[in-house]
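Student: Got a minute to look through a structure with me? I'd like to go over some helix and strand packing.
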Amino acid sequence: MKQTVQMQEIQEKMKPGIITRDGFLGTDRRNLVDILMEDDAAVKRMDLTHERIAARMTELRDAGKRGLGNVIKVPPHFEVRVDSVRGKLPSPFGGPGVFPKTNITVRNLRLGREITYTDLHIHLVGKHGFYEGKGSNFRLDPGDLVLTLEIEK
Amino acid sequence: MNGQVAFYAIFFAAIFTNNILLTNYLGMCSFLAVSREVSTSAGLGTAVVFVMTATSVLNWLAYRYILVPLDLVYIRYIVFIVIIAAFVQLVEMVIERVSDKLYAALGIFLPLITVNCAILGVSLFMVIRNYTFVNSLFYGLGSGIGWALAIMAMAGIRQKMVRSRVPKGLAGAGITLIIAGIMALAFMGFSGMIKIT
Amino acid sequence: MGAAAQLLIGIGAICGVSTFLAVLMVIADATIANYGDVTVTINDEKQVTVAGGKPLLGSLMEEKIFIPSACGGRGSCGLCKVKVTSDVGDYLPTELPWISDEEKAENIRLSCQLKLKKDISIRIPEELFNVREYVTEVASLVDLTYDIKQVTLKLVEPDTISYRPGQYIQFQVPEYELTPESVYRAYSMSSQPSRGNEIELEVRLVPNGICTTYVFEHLREGDKVIVNGPYGEFFLRETDRDIVFIAGGSGMAPIKSILYTMAERENPRKARYFFGARAVRDLFLLDEMKDLETRLPGFTFIPALSDPQPEDNWKGETGLITEVLSKHVKSGDNLEAYLCGSPGMIDATVKVLLDTGIPEELIYYDKFA
């Protein structure tokens, strides 16, 4: 669907080589506005909000930080590893804030599922409802996130 | 084709009963793309009102003093479009010079407006309906306001719908067009109240 | 009227109207959109004249005055702040998120968003005058570990650089197949200033990173590289206090620069360097550290592994860097600390240090990590 000039510019910033090497859109050929609308609908159908999902991502990150780069157990049945590299990344949506390059890997021992996200993703999900395009290495499918991180209403 | 209709009748008709967007279905693409939030819609709406009024005046003058005397009425399509494009370009330059703040708020909409078919539509209608200068001015102004109102109403409805469970296939353009259709049906109820053609 | 005449009049009219409008546009562009030349007065002394209409940041860069920026002027890093002492109008919506209330009172603006429409007077830190753009050539690429490369750049033009040990440069990744426009990334210099015409960097491979992919997969010896600098306020203070260095991975770069300079000057201060890593494969430059221990009698290198593998046969310190730190540093008396690493590591170790009694002002860290 057609989108505004602003959305178009944001989508340009998400292409490979602008902020990160592989970009944020993966192999998804749709316009940004359609990606956002579909994921938004998926989250609404689960009766949740983007803020709630981001809050849970933050909670697990903060618990994992104490490991200082090593795997640390987080109750009830999670293992989290948080490590950073130097530098900061801006958000493709513009606006204030640069985000540290922090990688958070959460392993749900009960379900045997693992998911990886970064500080930038927590911002993209919570503030913009953006979960990356399909086919992207860092694609966070909302259903997957909710299941693995065990996010409740 | 009665060119002697009162300008205030034309003005109100352009906003309600002959709404350029909901009755004539012109100017749909930016309508669909931008109508997600009321504030952005208000911004675009304002810009459209300004451009629509000014271009209808300019085009009326070009029609009356250049095209008609030279018997060149048939090239009005080209001339109108060229005038609209040049005007929007000029407006963008002036805004950028005069106020950075206004430019940051409105400037991004201006390229979108040039290709808005409602703008050309207004100029063509006023020619077909043989409006006088004053009527054209108020027709342009009224149409702009009508378009802005329609887009803000649509944005309001879509904002309210954010929590609704839209069927997957209809999300986005689908549901928006259905809503536009229902709004058009509602506005049809006004028709016949004022006669402006 | 004949059909031909009609046609000609029609063509004439369209040409006439279009030409008229085109001329109008040209005049408008030359007058309304033309901002002429603008004079920028810097720190009440230096003056440069630039073409108006463009943002301050870019115009200054063309005059070889480099205001720090990580995002290339797109308004997404907030680093290019400049104090403006003349009137330039209200804050733009794109600037406001970055400017605090104290900064508003000082009229600090974001130079990448400020378009130059009339003469302007600004104030910038004096050190920025020392920042230059350098054309360099890759002299060598050495693997220090599986994910850290040591890059040595020979300076071509200008051929010398002056900097304080601990400062960093901005490395330009040119447009190439993976990046449509050039991008800048900051790296600390691990070389010491006495090396004169070359600088050395420690680059760590970051998954999905634009610059590190370029360095690890595309850069070859002899390639030309553009850098600018030096920047940064991380350097050794001239006091007599004992020193604690804490840095792991590529964070070693500024510390190495400082240590080598200390060795050259035969600095007698007692110094301990706590290097945190996970396993033996993350350790590097061990011989160089041993060599420094002989040259600097007061210096000890203490590597600490948090997750040593059985085949490592590790006999040194183990555990998290915070634990090893608490074990060795009992009192904060007469102590200064220099930290370089991730925000998480810095926060955790700062806490441990504060508990030993060292005052907060004597803990220095390399902030751009």
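Tutor: Sure, let's start with two helices of chain B: B:R76, B:F80, B:I81 and B:I84 in α4(B) meet B:I119, B:L120, B:S123 and B:V127 in α7(B). Meeting means contact here: C-beta atoms, placed from the backbone, lie within 7 Å. By class, that contact has 6 nonpolar, 1 polar and 1 charged residues.

Student: Before we go on, what kind of model is this, and how is the numbering done?
Tutor: This is a predicted model, where local features need pLDDT of at least 70, side-chain atom pairs count only at pLDDT 80 or more, and totals for chains, interfaces and linings use all residues. Residues are numbered from 1 along each chain as its sequence is written, while chains are lettered from A and ligands numbered from 1 in the order in which they are written.

Student: OK, at what angle do the axes of α4 and α7 of chain B cross?
Tutor: Roughly 135°, and the axes of α4 (residues 76-98) and α7 (residues 117-128) of chain B come within 10 Å. That makes α4(B) oblique to α7(B). Helices here are DSSP runs of H or I with at least four residues, and strands are runs of E with at least two.

Student: Switching topic: how many residues of chain A are in contact with chain C?
Tutor: 23 residues of chain A, which touch 31 residues of chain C. On the chain A side, β2 (78-90) and β3 (98-108) are the elements giving two or more residues, and β2(A) gives the most, with 7 residues.

Student: And what's the order of strands in the open sheet of chain C?
Tutor: It goes β2-β1-β5-β3-β4, 5 strands with mixed pairing. Strands count as paired if DSSP finds at least two bridges between them. The edge strands are β2 (46-51) and β4 (108-110) of chain C, each pairing on one side only.

Student: Inside that order, in which sense do β3 and β5 of chain C pair?
Tutor: Antiparallel, with 2 bridges between β3 (residues 81-84) and β5 (residues 120-123) of chain C. C:V84 has C:I122 as its bridge partner in β5(C).

Student: What do β6 and β7 of chain C form?
Tutor: A hairpin, with 4 residues between β6(C) and β7(C). The strands, β6 (residues 132-143) and β7 (residues 148-157) of chain C, run antiparallel and are joined by 8 bridges. C:D143 has C:K149 as its bridge partner in β7(C).

Student: Which residue stands opposite C:T152 in β10(C)?
Tutor: C:E200. β7(C) is joined to β10 (residues 198-204) of chain C by 7 bridges, and the two run antiparallel.

Key. Axes fitted to C-alpha atoms, helices over the stretch in contact; angles between N-to-C directions. Parallel < 35°, antiparallel > 145°, perpendicular 65-115°, else oblique. Nonpolar A, V, L, I, M, F, W, Y, C, P; charged D, E, K, R; others polar.
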